[in-house]
Amino acid sequence: MARLLIVGGFLAVIFWVFSIVDVAAQPADRHRGVAKGTWVLIVLLLPVIGGILWFWIGRRRRGERVSDFVTGPDDDPAALRSMSTAEQDARIRQLEEELARLDDETDGTDPRS
């Protein structure tokens, strides 16, 4: 029984150290839930449970999407930077025309007005 406790404690320490190293080595975009520093504290303060939580909840898997929310090109700063000024102006004119057309279609047909 004593050997089992010693081996189990040794394995727990190895898992704990591995968890700390894994949390610290992961880039910031691979953390879910809370910041990297908070995960390090969780794993440090809750040795085995913190490591289990890290691998179960906190670690983002490779290829896992950050979000299902899709940003349109008009709201994406990187897409706007890649567009030339002429393209941006053309896009703005197109959107203004669509808005004006929609506004003309709804003039007088809204029963609330």
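**Notebook: helix packing and two charged residues**

I began with a single polar pair: the side chain of K36 reaches the backbone oxygen of A24 at 2.9 Å. I note at once that the model is predicted, and that every value below is computed from it.

**Entry 1: K36**

I placed K36 in the secondary structure and found it in helix 2, which covers residues 36–45. Between K36 and A24, twelve residues apart along the chain, the C-alpha separation is 7.4 Å. I then listed the contacts of K36 beyond its neighbours within four places in sequence, and these are V23, A24, Q26 and H31. Is K36 buried, partly exposed or exposed? I recorded K36 as partly exposed, because its relative accessible area is 30%, and the partly exposed class lies between 20% and 50%.

**Entry 2: the whole chain**

I next looked up the overall make-up. The protein has five helices and zero strands, and I wrote its pattern along the sequence as α-α-α-α-α. Of its 113 residues, 12% count as buried. I also checked the range of the contacts: among those with a separation of 6 or more, 56% are between residues 24 or more positions apart.

**Entry 3: helix 1 against helix 2**

I took the geometry of this pair from the fitted axes, which lie 9 Å apart, with a packing angle of about 175°. The angle is over 145 degrees, so I entered helix 1 as roughly antiparallel to helix 2. Which residues make the contact? On the side of helix 1, I listed W16, S19, I20, V23 and A24; on the side of helix 2, K36, W39, V40, V43 and L44. Sorted by class, this contact has eight nonpolar residues, one polar and one charged. K36 and A24, the pair with which I began, both appear in this contact.

**Entry 4: helix 2 against helix 3**

Here I found the axes coming within 5 Å and crossing at roughly 140°. Helix 2 and helix 3 are therefore oblique to each other. From helix 2, the residues W39, I42, V43, L44 and L45 take part; from helix 3, they meet P47, G50, G51, L53, W54, I57 and G58. By class I noted nine nonpolar residues, three polar and no charged ones.

**Entry 5: the two sides of helix 3**

I went through helix 3 (residues 47–58) for burial and marked G50, G51, W54 and G58 as buried. Why do I place them on the same side of helix 3? They cover an arc of only 100° around the axis, and therefore share one side of the helix. For the general background, I recalled that an α-helix has 3.6 residues a turn, so residues three or four places apart point the same way. The face turned away from the buried side carries I49 and W56, which are exposed. I then asked what the buried residues of helix 3 pack against; I found helix 1 and helix 2.

**Entry 6: D22**

I closed with D22, which lies in helix 1 (residues 2–25). Is D22 buried or exposed? I entered D22 as buried, because its relative accessible area is 9%, and the cut-off for buried is under 20%. Apart from its neighbours within four places in sequence, D22 is in contact with W54, F55 and R59. Of these, W54 is one of the buried residues of helix 3 noted in the previous entry.

Methods:
Residues are numbered from 1 along each chain as its sequence is written. This is a predicted model: local features need pLDDT of at least 70, side-chain atom pairs count only at pLDDT 80 or more; totals for chains, interfaces and linings use all residues. Side-chain values use heavy atoms; hydrogens and water are left out. Helices (H or I, at least four residues) and strands (E, at least two) are DSSP runs, numbered from the N terminus. Buried means under 20% relative accessible area, exposed over 50%, partly exposed in between (1.4 Å probe, protein chains only). Contact means heavy atoms within 4.5 Å. A polar contact is a pair of N or O atoms within 3.5 Å; within protein, one must be able to donate a hydrogen and the other to accept it, and residues adjacent in sequence count only if both atoms are side-chain atoms. The arc is that of the directions from the helix axis to the C-beta atoms. Axes are lines fitted to C-alpha atoms, for helices over the stretch in contact, and angles run from 0 to 180 degrees between N-to-C directions. Angles under 35 degrees count as roughly parallel, over 145 as roughly antiparallel, 65 to 115 as roughly perpendicular and the rest as oblique. Ala, Val, Leu, Ile, Met, Phe, Trp, Tyr, Cys and Pro count as nonpolar, Asp, Glu, Lys and Arg as charged, and the others, Gly among them, as polar.
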